[in-house]
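Visitor: I should like a close look at a single part of this structure, namely its nonpolar interior and the elements arranged around it. Please take the parts in turn and connect them where the contacts allow.

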Amino acid sequence: MQNKGNYYLTTAIAYTSGKPHIGNNYEVVLADSIARFKRKEGYDVFFQTGTDEHGQKIELKAQEAGVTPKEFVDKVAATIQGLCDMLNVSYDKFIRTTDDYHEAQVQKIFKRLYEQGDIYKSAYEGLYCTPCESFWTESQLVDGKCPDCGREVKPAKEEAYFFRMSKYADRLIKHINEHPEFIQPVSRKNEMMNNFLLPGLQDLCVSRTSFKWGIPVDFDDKHVVYVWLDALTNYITGIGYDADGNSTEQYKKLWPADLHLIGKDIIRFHTIYWPIFLMALGEELPKQVFGHPWLMMNGGKMSKSKGNVVYADDLVDYFGVDAVRYYVLHEMPYDNDGNVTWELVAERYNSDLANTLGNLVNRTISMSNKYFDGVVADKGVQLKPEDSVADEDLKKTVTGTYAKVISKMETLRVADALTEIFGIFKRCNKYIDETEPWVLAKDKETDEAKANRLSTVLYNLVEGITIGASLLQPFMPETAEKIVAQLNTSLREFEQLEEFGLYENGKKVTDKPEILFARLDLKEVLAREEELAAAMMAEAADEAAEEELNVIDIEAKEEISYDDFAKLQFQVGEIIACEEVPKSKKLLCSQVRVGSQVRQIVSGIKAHYTPEQMVGKKVMVLVNLKPAKLAGVMSEGMLLCAEDADGNLALMIPEKEMPAGAEIC
């Protein structure tokens, strides 16, 4: 096989906040089919996937689970990698953003960009979405919620480092216009240009101080590197990039990437932020970023509480690995969202895998054994003109499919490529109907011509199936191997697939054909789906109950009258400045705006908040508490907090945005 050169392919790295569902796993199966196909074409493929393991969301999840963030991500990363292995994904590298070499390079990259003036220090104030770890402006919200995930956002303000995005915007626009293949499908390119680039880019926040689970900025340890500068750089650190200029030979060989395969929801980060980071580093841009659609459940997003989350391992346990691979690859449109339900998988399984493919292979092998003791031989016999027409049309269909599949795969139309391959198996089934082997078999003992014609028919079927299986290998590798094993042959190289007649005359197929895909009873499938849904909803209910039971009982104080309560004055305050109280291990001194006044309030919360985290918060203030000196500093009120059984404190803040000075009653 001629070596066609290198091909570097990546998926987005999976976020380790929990077990991914089948919609998340679709991407890595899609990438695997492309990687396997490229290897068969003759490319030296390097396929990288992995996990994104830092951020506030993971820090909070770990706290809820009562483990360290590293323990939490170790467990989830193992689950994600295990799902990749279960789905027979042939990755060459599984990177984790907690890998030492990656963290070291991210620190180098951050420092280099800072020193060359692309990153600067300032402060960020905006509306923050914790699940997405993104700041938004009011105008970017959709119905007052995060435009990416639809969840609530909260006001936040903190010191941060920023990347000067606008410095490279014109250069990126020029690159996109000059390289129409860079962002695919075209609809994604238009969205990025019209919604983000052409209106003008804002500088990007690239560090955080409000949480600790991240890669520290080594020259300013209050800060950790924000998720996207950390996560996106995995595409170069994983193959040996070095920010000091000592990159490995592997990096020089593989970069720029041929394809970044990602979900449409993160196209902005990969086609705007990532290229600009690379420009600042003086590196080439990836050749193509493909934003694939989503796999939905009954047209909507999956929810554990609704019992409609579909997990890959559940599907594989019931349908098998290759059946699941086939479904997600075949049922995902090029540009629109796909749909998955157990019923749809079962219907596709029965129609395409059991009927079209499995039944074809089984019938062909069974007839070869029944009529010729398994021996396959091309006698080159046609008895009537219709035979020649049928033979030639079969051969034309089979040998012409390779070029069609290549054309589809060049534009990443994987579902269409699979449809072309199954066209071979459908044509073979039609060929059986046309040639009626059972009719020829009636007289084969007394009519040598019919016997030879029957042998020719079966040879053509075996040859057609072999070519079809060879094309099928990148998409359903185990099935392809099983097929040729039963035919007592091997999978062919791609350059052999336009030639009909390479199956060796006189070979014997297996005498015990295996049923590749047994038909499924739809009632049993739906019963299994209901069983899993019920278990999932029960688990969600248990988790909710556990959350409800997370309560604390404290000793009751003496009852007071309403008049006693009415003496207390509570108002919303906004912390406009905060600093540590000198020589105190516990105290912070905050300047709190309450209405038109600014009060100085000393609080024993230093172990729970940094001064930077305090600034910008709206808090509950007891304003008519008699002033007192604490550690020599005058305090003019009290900030109210909640305390759990372990002594952890949380400031009481209003649920909705309220002005400083609003009365709490």
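Guide: A suitable point of entry is Ile34, whose contacts beyond its sequence neighbours (those up to four places away are not counted) are Tyr7, Leu9, Leu259, Leu261, Met409, Leu412 and Val414. The model under discussion is a predicted one. Ile34 belongs to the largest nonpolar core, which has 110 residues. Within that core, Ile34 is among the six members that touch the most other members, along with Ile22, Phe47, Phe319, Phe475 and Phe517. The element contributing most to this core is helix H13, spanning residues 342–372, which supplies 12 residues. There is also a second core, separate from this one, with 64 residues; Met165, Tyr168, Ile266 and Leu281 are included in it. As a general matter, nonpolar side chains in soluble globular proteins tend to be buried together.

The next element is helix H12, residues 321–330. Because 10 of its 10 residues are buried, H12 is largely enclosed by the rest of the structure. The buried residues of H12 include the nonpolar Val321, Ala323, Val324, Val328 and Leu329, but also Asp322, Arg325 and His330. Tyr326 and Tyr327 complete the list of buried residues in H12.

A sheet comes next. Four strands make up an open sheet, ordered E6-E5-E7-E9, with antiparallel pairing. At its edges lie strand E6 (134–136) and strand E9 (204–205), each of which pairs on one side only. Strand E7, residues 154–163, is joined to E9 by two bridges in the antiparallel sense. Phe162 stands opposite Cys205 of E9. Against this sheet packs helix H10 (residues 267–281), which touches E6, E7 and E9. The direction of H10 makes about 30 degrees with that of E7.

Finally, consider Thr237, which lies in helix H8, residues 234–237. Is Thr237 buried or exposed? Its relative accessibility is 3%, and buried means under 20%, so Thr237 counts as buried. Leaving aside residues up to four places away in sequence, Thr237 touches Ile95, Tyr101, His102 and Gln105. With His102 the contact is also polar, side chain to side chain, at 2.8 Å. Thr237 and Ile267 are 30 residues apart in sequence, and their C-alpha atoms are 20 Å apart in space.

Technical notes: Residues numbered from 1 in each chain as written. Predicted model: local features only at pLDDT ≥ 70, side-chain atom pairs only at ≥ 80, totals over all residues. Heavy atoms only, no water. Buried < 20%, exposed > 50% of the residue type's maximum accessible area, 1.4 Å probe, protein only. Contact = heavy atoms within 4.5 Å. Polar contact = N/O pair within 3.5 Å; in protein donor to acceptor, adjacent residues only side chain to side chain. Core = buried A, V, L, I, M, F, W, Y, C linked by side-chain atoms within 4.5 Å. Pairing = 2+ DSSP bridges. Axes fitted to C-alpha atoms, helices over the stretch in contact; angles between N-to-C directions.
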